[in-house]
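Colleague: Could you take me through one helix in this model, and what packs around it? I'd also like to hear about any pocket you found.

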Amino acid sequence: MKTRAADKDFDVILYADGACSGNPGPGGWAVILKHPATGRTKRMSGGEKMTTNNRMELRAVISGLEAINKPSKVKVVTDSQYVSKGMTEWITKWVEKNWRTADKKAVKNVELWQRLLELSGKHEVSWEWIAGHAGHPENEECDRLAVAAAAKL
C-alpha cells in the first residue's frame, strides 16, 4: 500500500469498514492503521454475533481510534456515509437536541456515537468518504477482513 503525498500531513491514516451477513445478523469490522512517517501498518478486525452494518462501521472507527496511543492528527477513510455524515454533519445537532434526531426520535446506536465523539476529541480528526467496492486498495482489504470476521461467527 503506497502512501499518498497528501497523507504525509497526518500522523495516522485510519481505513475502516464494517460488514454484516443479514442486517441484523453476524457482523464484522476491520481497520487498517497506517503511519505515513514510519511506513508501519497495523490491521485489526473483530465481530459480533447479532448486529447491524451501521454498528460495525462505527465499531471499526472506534476500534481504530482506541488503538492510537497518543493524541494524533488522524485521517479517517470510510465508505460509510452513515459514519462520515454522522461525524461531519449530524452529530452537532444530535448533541444540541440531547441525542434526538430532527424528527425528535432517539439517535440509533447512541452509545457508539458517544464513544466515537469522545475518542475524536482526543485527536485532530479529518473525515474522508470514499465509494465502497470501487477498487480502493485499503478499503477493499478492510472489506475482506470484515467479511472474514463476520464469517467466523
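Modeller: Here is a walk through helix H3 and what covers it, then a loop residue, then the pocket. Keep in mind that this is a predicted model.

Helix H3 runs over residues 110-120, and its buried residues are Leu112, Trp113, Leu116, Leu119 and Ser120. They span an arc of only 130° around the axis, so they sit on the same side of H3. The spacing fits a general rule: an α-helix has 3.6 residues a turn, so residues three or four places apart point the same way. As for what lies over those buried residues of H3, the cover includes helix H1 (53-66), helix H2 (81-96) and strand S5 (124-129).

Now for the loop between strand S4 (73-78) and H2, where you'll find Ser80. Ser80 counts as buried because its relative accessibility is 6%, and the cut-off for that is under 20%. Leaving aside residues up to four places away in sequence, Ser80 touches Glu57 and Trp129.

On to the pocket you asked about. The largest pocket has a volume of about 260 Å³. It is lined by 14 residues, and those closest to its centre are Val12, His35, Arg40, Ile68 and Lys70. Strand S2 (25-35) and strand S3 (40-51) are the elements that give two or more residues to that lining. Sorted by class, the lining of the largest pocket holds 6 nonpolar, 4 polar and 4 charged residues.

Methods. Residues numbered from 1 in each chain as written. Predicted model: local features only at pLDDT ≥ 70, side-chain atom pairs only at ≥ 80, totals over all residues. Heavy atoms only, no water. Buried < 20%, exposed > 50% of the residue type's maximum accessible area, 1.4 Å probe, protein only. Helix = DSSP H or I, 4+ residues; strand = E, 2+ residues; numbered from the N terminus. Arc of directions from axis to C-beta. Contact = heavy atoms within 4.5 Å. 1 Å grid on protein atoms, 1.4 Å probe; cavity = no way out; pocket = protein on both sides within 12 Å on 5 of 7 lines; lining within 4 Å. Points joined across faces, edges and corners; volume = space filled by probe spheres on them. Nonpolar A, V, L, I, M, F, W, Y, C, P; charged D, E, K, R; others polar.
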